[in-house]
Amino acid sequence: MNTILRKSILGIAGLAFTGGVFAGPIAAHADTAHAAAKPVTATVQGEQSTIALNGEQTANVKAIIAATKKAGLPERAAVISIATSLQESKLENLGHLGDRNDHDSLGLFQQRPSSGWGTPEEITDPEHSTLAFLKGLKQVDGWQDMPLTDAAQTVQVSAYPDAYAQWEKQATDLVAQHWTK
């Protein structure tokens, strides 16, 4: 399904539905074999942001990378995942934040139980939440070659679709630093 058609369908279906579709069980057909040979490079868009990471955030980077490897996906998938988590939670595994929370969003990716991403316990498990994000990513036709912010936005359906781009350089650097460790 092409991107324009997907966006039209998602707009009609509503945001609550999209989380369930992308977290759902339809990703088995994704073709990612040719992406493994591509080197990881940052093709950054716009101004870049960076934050200093503490021990918990670094552990979450390593958990995202381990889950990406477990899913059999290349470094580019880890870069997209880490950039997404940097935007959504600053790589912090967020629990319920009360009134500061976006609905019932939890975890590294601010996924919602009510949208089908999993139970609160699953969503706050870094491996589960990363694998759920990656399952959605694999459903995006051509994710390997599209700008990071477009790939992340197609999975996340954020109110701020261009915000993911600002984290590409830091995410690329983190993957380069930790992928082989």
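Q: What do the buried residues of helix 8 pack against?
A: The buried residues of helix 8 pack against helix 3, helix 4 and helix 7, where contact means heavy atoms within 4.5 Å. In helix 8, the residues Glu-168, Gln-170, Ala-171, Thr-172, Leu-174, Val-175 and His-178 are buried, a word that stands for under 20% relative accessible area, with exposed meaning over 50% and partly exposed in between (1.4 Å probe, protein chains only). This is a predicted model, in which local features need pLDDT of at least 70 and side-chain atom pairs count only at pLDDT 80 or more, while totals for chains, interfaces and linings use all residues. Residues are numbered from 1 along each chain as its sequence is written, and side-chain values use heavy atoms, with hydrogens and water left out.

Q: What makes up the secondary structure of the protein?
A: The protein has eight helices and zero strands, and along the sequence the pattern reads α-α-α-α-α-α-α-α. Both kinds of element are DSSP runs numbered from the N terminus, helices being H or I over at least four residues and strands E over at least two.

Q: Why is helix 3 described as it is relative to helix 8, parallel or perpendicular?
A: Helix 3 and helix 8 pack at an angle of about 75°, with their axes 10 Å apart; axes are lines fitted to C-alpha atoms, for helices over the stretch in contact, and angles run from 0 to 180 degrees between N-to-C directions. Angles under 35 degrees count as roughly parallel, over 145 as roughly antiparallel, 65 to 115 as roughly perpendicular and the rest as oblique, and therefore helix 3 is roughly perpendicular to helix 8. The residues that make this contact are Thr-58, Val-61, Lys-62 and Ile-65 of helix 3 together with Leu-174, Val-175 and His-178 of helix 8.

Q: How do you know which term fits helix 4 and helix 7?
A: The axes of helix 4 and helix 7 come within 10 Å and cross at roughly 70°, which means that helix 4 is roughly perpendicular to helix 7. The crossing of the two helices is right-handed, the word used if the near helix is turned clockwise from the far one by less than a right angle, left-handed being the word if anticlockwise. Arg-76, Val-79, Ile-80, Ala-83, Thr-84 and Glu-88 in helix 4 meet Leu-148, Ala-151, Ala-152 and Gln-156 in helix 7.

Q: Where do helix 6 and helix 7 make their contact, by residue?
A: Helix 6 and helix 7 pack at about 110° with their axes 9 Å apart, and so helix 6 is roughly perpendicular to helix 7. Phe-133, Gly-136 and Leu-137 come from helix 6, and Ala-151, Ala-152, Val-155 and Gln-156 come from helix 7.

Q: What makes a set of residues a nonpolar core?
A: The term covers buried Ala, Val, Leu, Ile, Met, Phe, Trp, Tyr and Cys residues joined through side-chain atoms within 4.5 Å. The largest one here has 34 residues, of which Ile-80, Ile-82, Leu-91, Phe-133, Leu-137 and Trp-143 touch the most other members. Two or more residues come from each of helix 3 (55-70), helix 4 (75-89), helix 6 (126-138), helix 7 (148-156) and helix 8 (168-178), and helix 4 gives the most, with seven. Leaving aside neighbours within four places in sequence, Ile-82 is in contact with Val-61, Ile-64, Ile-65, Leu-91, Ala-171, Leu-174 and Val-175.

Q: How do you know whether Ser-85 is buried or exposed?
A: Ser-85 lies in helix 4, and because its relative accessible area is 0%, it counts as buried. Beyond its neighbours within four places in sequence, Ser-85 is in contact with Ile-64, Lys-90, Leu-91, Leu-108 and Phe-109.

Q: Why is Gln-110 placed where it is, among the buried or the exposed?
A: Gln-110 is found in the loop between helix 4 and helix 5, and at 14% relative accessibility it counts as buried. Gln-110 also has a positive phi of about 55° although it is not a glycine.

Q: What is the phi of Leu-91 near?
A: The phi of Leu-91 is near 65°, a positive value in a residue other than glycine. Leu-91 is found in the loop between helix 4 and helix 5 (120-123), and its relative accessible area of 0% makes it buried.
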